[in-house]
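Biologist: Please pick one part of this model and take me through it closely, then place it in the rest of the chain. Give the cut-off for each term as you go.

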Amino acid sequence: MWMTLWDLLRIFGSIGLFSIGGGYAIIPLLQEQVVDNQQWLTQQAFTDIITISQMTPGPVAVNMSTFVGTQMAGLPGSIVATLACVGPGFIFSLVLYWFYRRYQHSNYVFEVMSGLKAGSLGLIASAAGTILLTTFFGITELQFQNIQVNWAAVGIFAGSLLLLRLWKKCNPILLMAMTGAAGCIVYGFL
């Protein structure tokens with residue numbers, strides 16, 4: 001048990017420390033550590049947790065760390081993993097706030113922030129690509145042979161995207177409920 005708690009502290013502490021950009025930018029790092037390196041989750045379970053994280057309060061990383069910690073070591077695991085994931089970012093944010101307030105008019109700080117924004121955008125695009133590949137094709141890496149398209153998932157995605165574009169004030173909770181119902185109908189009854 002202690003070794004598992006130590007592993008959770010080490011892995012989620014490093015995720016919390018190196019998750020610049022937060023939000024969706026952290027998904028590739030989470031996937032690398034939790035799915036690829038530690039094999040605590042399968043790719044499908046990982047994608048499912050990301051989906052569930054959109055319906056529950058809190059950031060993806062916190063929800064993921066809490067879930068994995070609970071799965072690996074129960075309540076103590078969830079507490080250790082969540083605090084390890086949040087702690088470094090909290091401390092880093094306090095230090096960055098102080099630094100930014102002191103040097104906010106510096107051209108160097110402006111250039112660094114521009115570079116961080118571009119890097120975060122690339123990480124978000126990578127996470128979106130991974131989710132789309134898993135959902136539409138059932139694969140995690142881009143490959144061009146033996147591709148099986150999940151047309152139901154493509155249709156639900158296209159319908160929700162079209163609805164969001166046409167109806168600007170679409171309630172996201174209502175949209176998630178509608179896509180969930182569509183998924184139950186398509187996958188549950190076919």
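**Helix 2 and its surroundings**

Modeller: In helix 2, which spans residues 27–37, the buried residues are Ile27, Leu30, Gln31, Gln33, Val34 and Val35. Buried stands for under 20% relative accessible area, exposed for over 50% and partly exposed for what lies in between, with a 1.4 Å probe and protein chains only. Helices are DSSP runs of H or I with at least four residues, strands are runs of E with at least two, and both are numbered from the N terminus. The model is predicted, so local features need pLDDT of at least 70 and side-chain atom pairs count only at pLDDT 80 or more, while totals for chains, interfaces and linings use all residues. Residues are numbered from 1 along each chain as its sequence is written, and side-chain values use heavy atoms, with hydrogens and water left out.

The cover over the buried residues of helix 2 includes helix 1 (2–18), helix 3 (43–55), helix 4 and helix 5 (107–137). Contact here means heavy atoms within 4.5 Å. Just after helix 2 comes Gln39, with a positive phi of about 55 degrees, although Gln39 is not a glycine. Gln39 sits in the loop between helix 2 and helix 3 and counts as exposed because its relative accessibility is 62%.

Of the covering elements, helix 1 holds the salt bridge between Arg10 and Asp7, whose closest N and O atoms are 3.2 Å apart. A salt bridge is a side-chain nitrogen of Lys or Arg within 4 Å of a carboxyl oxygen of Asp or Glu. The two residues are three apart in helix 1, about one turn of the helix. An α-helix has 3.6 residues a turn, so residues three or four places apart point the same way. Arg10 is partly exposed because its relative accessible area is 41%. The structure holds one salt bridge.

Helix 4, another part of the cover, covers residues 60–103 and includes Gly77. Gly77 counts as buried because its relative accessibility is 0%. Leaving out residues up to four places away in sequence, Gly77 touches Leu5, Leu8, Gly69 and Thr70. Asn63 also lies in helix 4 and is buried, since its relative accessible area is 16%. With the same sequence neighbours left out, Asn63 touches Ser53, Thr56, Pro57 and Gly58. From Gly77 to Leu96 the C-alpha distance is 29 Å, across 19 residues of sequence.

Leu94 is found in helix 4 and joins Val86, Phe90, Ile91 and Val95 in a nonpolar surface patch with about 490 Å² of accessible area together. Patches are made of residues with over 30% relative accessible area and no salt bridge, joined within 9 Å for like charges and within 5 Å for nonpolar side chains (Val, Leu, Ile, Met, Phe, Trp, Tyr). Accessible areas come from the Shrake-Rupley method with a 1.4 Å probe, and for residues only the protein chains shown count as cover.

For the chain as a whole, the secondary structure comes to seven helices and zero strands. Buried residues make up 28% of its 190 residues. Among contacts with a separation of 6 or more, 54% join residues 24 or more positions apart. The C-alpha atoms fill a box of roughly 55 × 45 × 35 Å along the principal axes. The chain exposes about 12500 Å², and carbon and sulfur atoms supply 70% of it.
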